[in-house]
Amino acid sequence: MNRVIGLIFGNTRSDLLQGLTQDRPIVALPFGGKYRLLDFALSSFINSGIRTVGLITPQNYRPVLDHTGAGKDWYLDRKSGGLFILPGVIHGLSGGHSRFLMQNMTSNLEFLEKDSAENVVITYCNQVYNIDYQEALDFHELKKADVTLIYKESEQEEDLQRRLLLSLNVEHKVNTIAQNWDQEEPLSEVPYFVDMLIIRRELFIELIERYKSIETADLIDAIRENIDQIEVYAHPTKAYIGRINSIEDYFRCNMDLLKPEVSQELFQSKNQIYTKVRDNPPSLYCSTPKVRNSLLSCDCTLDGEVEHSIISRGVIIKPGAKVKNCILMQKCIIGENAVLENVILDKFVEVKEGNVLVGRRESPLVISKKSIV
């Protein structure tokens with residue numbers, strides 16, 4: 001799809017993910033045993049035929065570069081197009097509603113100017129999904145839109161928290177973009193923006209130039225301020241979209257993978273989710289393991305009980321240990337007779353023999369990287 005390029009805003013941060021984002025950006029956060037959040041955005045671009053992708057990196061970008069390399073695992077190590085690493089200028093504002101800070105593009109305008117693409121598909125970096133953008137792009141061209149916002153509809157109040165809500169006419173043209181749902185209004189199927197959009201490349205460049213002197217200017221705010229002068233439409237999606245803004249979100253979205261319908265949509269559809277390839281051996285199931293309703297990666301050694309959990313590469317669970325409703329990242333070691341329930345262990349955590357770690361499902365216990373408990 002030579003007439004379209006992709007752009008991922010990976011320069012964001014969150015203080016709500018505790019130690020999980022202390023040394024890594026959200027875009028590089030491990031997910032589902034062997035993936036990073038970045039994989040879902042990159043894979044959706046590739047599966048949609050987009051072969052030129054810009055990734056705006058955060059200040060602590062080492063984990064991002066370590067994971068992506070030259071983009072080979074996403075077929076982006078190309079002579080024409082490929083993966084472009086774009087340094088972010090301003091670090092994402094913690095706790096705010098900023099999504100696409102314009103300052104991050106002021107020093108990266110060359111990425112847009114030297115390409116001849118008509119449109120840019122832009123996405124945020126903290127979501128889990130598997131989307132083909134072709135239908136939205138066809139709609140964008142049919143309507144001759146300047147901007148097309150991708151949205152979902154929901155009747156659940158929790159889905160609308162910290163989301164931008166859209167008011168649409170019968171032609172799916174956007175009348176207003178609201179910051180929050182007015183709780184005095186009856187809750188029905190409310191369209192909410194899922195932090196993905198298509199914008200004409202020339203318009204995007206024009207808006208960057210116009211707002212470059214405002215440090216906290218956001219692309220969505222610029223669109224909202226000019227909504228009467230530009231053609232802004234919205235296109236629906238019914239895809240699963242798991243948004244991660246907090247520890248609770250992270251825990252819930254990982255556990256969603258244990259639902260067959262979610263797992264099938266993300267990982268067993270015609271569009272594959274790609275990640276960095278590691279040629280590890282298969283997992284070893286010893287004489288006494290009991291594994292129920294869990295997602296296990298390769299190179300693990302299992303000799304205990306695992307239930308309703310996500311287990312990453314290289315994890316060792318010793319005899320008598322019990323792991324329930326947990327997320328164990330790479331190369332954790334669970335000692336004999338240890339008990340873990342509703343716990344998230346970052347990489348290289350060791351839980352000593354007989355120790356008991358119990359959190360709550362709505363507020364899981366988080367153990368930081370390389371800790372010994």
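**Exercises on a predicted model**

At 0% relative accessibility, His140 counts as buried (buried means under 20% relative accessible area, exposed over 50%, partly exposed in between, with a 1.4 Å probe and protein chains only). This is a predicted model, in which local features need pLDDT of at least 70, side-chain atom pairs count only at pLDDT 80 or more, and totals for chains, interfaces and linings use all residues. Residues are numbered from 1 along each chain as its sequence is written, and side-chain values use heavy atoms, with hydrogens and water left out.

**Exercise 1.** Describe the surroundings of His140.

*Solution.*
1. Locate the residue: His140 belongs to helix H5 (residues 134–142). Helices (H or I, at least four residues) and strands (E, at least two) are DSSP runs, numbered from the N terminus.
2. List its contacts (heavy atoms within 4.5 Å). Beyond the neighbours within four places in sequence, His140 touches Asn119, Ala145, Asp146, Val147, Thr148, Ile198 and Arg200.
3. Consider Tyr233: its C-alpha atom lies 7.7 Å from that of His140, although 93 residues separate the two along the chain.

**Exercise 2.** Determine which strands stand at the edges of the open sheet of five strands.

*Solution.*
1. Write the order: E14-E17-E20-E23-E26, with parallel pairing. Two strands pair if DSSP finds at least two bridges between them.
2. Inspect one pair: two bridges join E17 (residues 301–302) to E20 (residues 316–317), and Leu302 stands opposite Ile317 in E20.
3. Conclude: E14 (284–285) and E26 (350–351) each have a single partner strand, so one side of each is left without a neighbour in the sheet.
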